[in-house]
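Hello,

Here is the structure for you to look over. My notes follow below it.

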Amino acid sequence: MVSEDVLRTHLQELRRGTVVVASLVALRRPDYGYALLQRLTDHGFPVDANTLYPLLRRLEDQGLLTSEWNTEESRPRKFYRTSDEGESMLTRLLDDLAAVQTSITGLIQGVER
């Protein structure tokens, strides 16, 4: 039987890349970091804040996200949004994700147990 630690490690690896895709999808509608963290978790992508915030900065540095500060509330918040470049990247990532799913499904259907 596979240990919980080994399973947890593989699940973490599997989800690591999907968090980028999920973030780009979610940020088609502008949102701030904590709200994104909650939304991702609510949709089955639990992410630690110490992972998400560096990811948001990296995606912004790569031009895949834009950001602006909202200072109208009592506490300023930085809102992120998927950029045009991010939208193009997302399209390619979603296409590749669909191709991977098709390949995996073919393997599953082609293997007898």
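**What follows H2**

Start with Gly44. This glycine comes just after H2 and takes a positive phi of about 90 degrees. Bear in mind throughout that the model is predicted.

**H2 and its surroundings**

Helix H2 spans residues 33–42. Its buried residues are Gly33, Ala35, Leu36, Leu37, Arg39 and Leu40. Note that an arginine, Arg39, is on that list. What do the buried residues of H2 pack against? Two helices and two strands: H1, helix H3 (49–61), S1 and S3.

**The contact of H1 with H2**

Helix H1 covers residues 4–26. The axes of H1 and H2 come within 11 Å. They cross at roughly 115 degrees, and the crossing is right-handed. From H1, the residues in the contact are Ala22, Ser23 and Ala26. They meet Leu36, Arg39 and Leu40 in H2. By class, that contact has four nonpolar residues, one polar and one charged. Leu36, Arg39 and Leu40 also appear among the buried residues of H2.

**The sheet**

Three strands make up an open sheet. The order is S1-S3-S2, with antiparallel pairing. Which strands sit at the edges? They are S1 (31–32) and S2 (65–70), each of which pairs on one side only.

Take the S1 side first. S1 and S3 (residues 77–82) are antiparallel and share two bridges. Asp31 stands opposite Tyr80 in S3.

Now the S2 side. S2 and S3 also run antiparallel, and six bridges join them. Leu65 has Thr82 in S3 as its bridge partner. A hairpin of six residues leads from S2 to S3.

As background, strands of a sheet pair through backbone hydrogen bonds, in either the parallel or the antiparallel sense.

**The annotated region**

There is one record to set beside the model. An unreviewed UniProt entry annotates residues 27–91 as "domain: Transcription regulator PadR N-terminal". Over residues 27–91, the chain is 48% helix and 22% strand. The end C-alpha atoms of that stretch are 14 Å apart.

**Where to look**

If time is short, view two places. One is the contact of H1 with H2, where Ala22, Ser23 and Ala26 meet Leu36, Arg39 and Leu40. The other is the sheet, with its order S1-S3-S2.

Best wishes

How values were computed
Residues are numbered from 1 along each chain as its sequence is written. This is a predicted model: local features need pLDDT of at least 70, side-chain atom pairs count only at pLDDT 80 or more; totals for chains, interfaces and linings use all residues. Side-chain values use heavy atoms; hydrogens and water are left out. Two strands pair if DSSP finds at least two bridges between them. Helices (H or I, at least four residues) and strands (E, at least two) are DSSP runs, numbered from the N terminus. Axes are lines fitted to C-alpha atoms, for helices over the stretch in contact, and angles run from 0 to 180 degrees between N-to-C directions. A crossing is left-handed if the near helix is turned anticlockwise from the far one by less than a right angle, and right-handed if clockwise. Contact means heavy atoms within 4.5 Å. Ala, Val, Leu, Ile, Met, Phe, Trp, Tyr, Cys and Pro count as nonpolar, Asp, Glu, Lys and Arg as charged, and the others, Gly among them, as polar. UniProt positions are given in the numbering used here, feature names are shortened, and annotations may be inferred rather than shown by experiment. Buried means under 20% relative accessible area, exposed over 50%, partly exposed in between (1.4 Å probe, protein chains only).
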